[in-house]
Amino acid sequence: MDKENLYRGCPVQYTLSYLGGKWQIGILWSLKEKPLRFGVIKKRLANITEKMLMQELRFFEQQGMVERKVFAEIPPKVEYRLTAKGQTLMPIISSILELGYANLQNEKVSKEMFMTPANIMEEIDESLSSKEM
């Protein structure tokens, strides 16, 4: 059996195709609340290259997870937003972030993490605080 067909029909591999890349969770999480322009997404993801961001956004578009909207104005304005299918990943991503954050706290790791944007850490803090009440 060739490698391409090895995991055909496997729900875990299917889900990991959207969440297994280095930048995929960050891109999707950035779009969870509202449409964003390319530059805003790039600013939220430290160290991502324009080429990589464009590749991932195209992938998500092809998979029906993200919608690209072009506004007819000069200069051209393009926004990206999660589709209903893309929104289905938010509970999974939220759980991943909460688990990771909880375990980092157990290890007494500083909130000034070098790979996680501060805005995401603040959102996790708020989410966890609201669940405790």
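The exercises below, each with a worked solution, concern a predicted model of a protein.

**Exercise 1. Work out how many helices and strands the protein holds, and in which order they run from the N terminus on.**

Solution. Begin by counting the elements, which gives 8 helices and 3 strands in the protein. Then follow the chain from the N terminus on, and the elements are found in the order α-α-α-β-α-α-β-β-α-α-α. Finally, look at how contacts are spread along the sequence: of the contacts with a separation of 6 or more, 50% are made by residues 24 or more positions apart.

**Exercise 2. Describe the sheet: in what order do the strands stand, and which strands stand at the edges?**

Solution. As a first step, read the order across the sheet, which is open and in which the 3 strands stand as β1-β3-β2 with antiparallel pairing. The strands β1 (36–37) and β2 (66–71) each have a single partner strand, so they stand at the edges, and one side of each is left without a neighbour in the sheet.

Next, take the pairings in turn. Strands β2 and β3, the latter made of residues 77–82, run antiparallel and are joined by 6 bridges, and a hairpin of 5 residues leads from β2 to β3. Within this pairing, V66 has L82 in β3 as its bridge partner, while R68 stands opposite Y80 in β3. On the other side, β1 and β3 also run antiparallel and are joined by 2 bridges, and here R37 stands opposite E79 in β3.

As a last step, add the helix that covers part of the sheet: α5, which spans residues 50–62, lies across β2 and β3 and runs at about 110° to β2.

**Exercise 3. Find the residues that touch the most other members of the largest nonpolar core, and say which elements each supply at least two residues to this core.**

Solution. The largest nonpolar core has 24 residues, and those that touch the most other members are I27, L28 and V66. At least two residues of this core come from each of the elements α2 (11–19), α3 (24–30), α4 (38–44), α5, β3 and α7 (90–106). A general tendency fits this picture, since in soluble globular proteins nonpolar side chains tend to be buried together.

To see one member in detail, take L28 and set aside its neighbours within four places in sequence; the residues in contact with L28 are then Y18, L19, F60, V66, L82, L89, M90 and I93. Two of these names are already familiar from the sheet, where V66 and L82 are bridge partners.

For the protein as a whole, 30% of the 133 residues count as buried, and the accessible surface comes to about 9,100 Å², of which 56% belongs to carbon and sulfur atoms.

**Exercise 4. Determine how many salt bridges the structure holds, and decide for E33, E67 and E79 whether each is buried, partly exposed or exposed.**

Solution. The structure holds 3 salt bridges, and they can be taken one after another.

In one of them, the side chains of K32 and E33 meet with 2.9 Å from N to O. Because its relative accessibility is 64%, E33 counts as exposed.

In another, E67 pairs with R81, and their closest N and O atoms are 2.9 Å apart. This pair links distant parts of the chain, with E67 in strand β2 and R81 in strand β3, 14 residues apart. E67 has 35% relative accessibility and therefore counts as partly exposed, and R81, with a relative accessible area of 34%, is partly exposed too.

There is also the pair of E79 and K77, whose side chains meet at 3.7 Å, N to O. Here the cut-off matters, because buried means under 20% relative accessible area. With a relative accessible area of 19%, E79 is buried, whereas K77, at 22% relative accessibility, counts as partly exposed.

**Exercise 5. Place E56 in the structure: in which helix does E56 lie, and is E56 buried or exposed?**

Solution. E56 has its place in helix α5. Its relative accessibility is 12%, so E56 counts as buried. Not counting residues up to four places away in sequence, E56 touches Q24 and I27. For a last step, compare sequence with space: E56 and L28 are 28 residues apart in sequence, and their C-alpha atoms are 9.9 Å apart.

Technical notes:
Residues are numbered from 1 along each chain as its sequence is written. This is a predicted model: local features need pLDDT of at least 70, side-chain atom pairs count only at pLDDT 80 or more; totals for chains, interfaces and linings use all residues. Side-chain values use heavy atoms; hydrogens and water are left out. Two strands pair if DSSP finds at least two bridges between them. Helices (H or I, at least four residues) and strands (E, at least two) are DSSP runs, numbered from the N terminus. Contact means heavy atoms within 4.5 Å. Axes are lines fitted to C-alpha atoms, for helices over the stretch in contact, and angles run from 0 to 180 degrees between N-to-C directions. Buried means under 20% relative accessible area, exposed over 50%, partly exposed in between (1.4 Å probe, protein chains only). Accessible areas come from the Shrake-Rupley method with a 1.4 Å probe; for residues, only the protein chains shown count as cover. A nonpolar core is a set of buried Ala, Val, Leu, Ile, Met, Phe, Trp, Tyr and Cys residues joined through side-chain atoms within 4.5 Å. A salt bridge is a side-chain nitrogen of Lys or Arg within 4 Å of a carboxyl oxygen of Asp or Glu.
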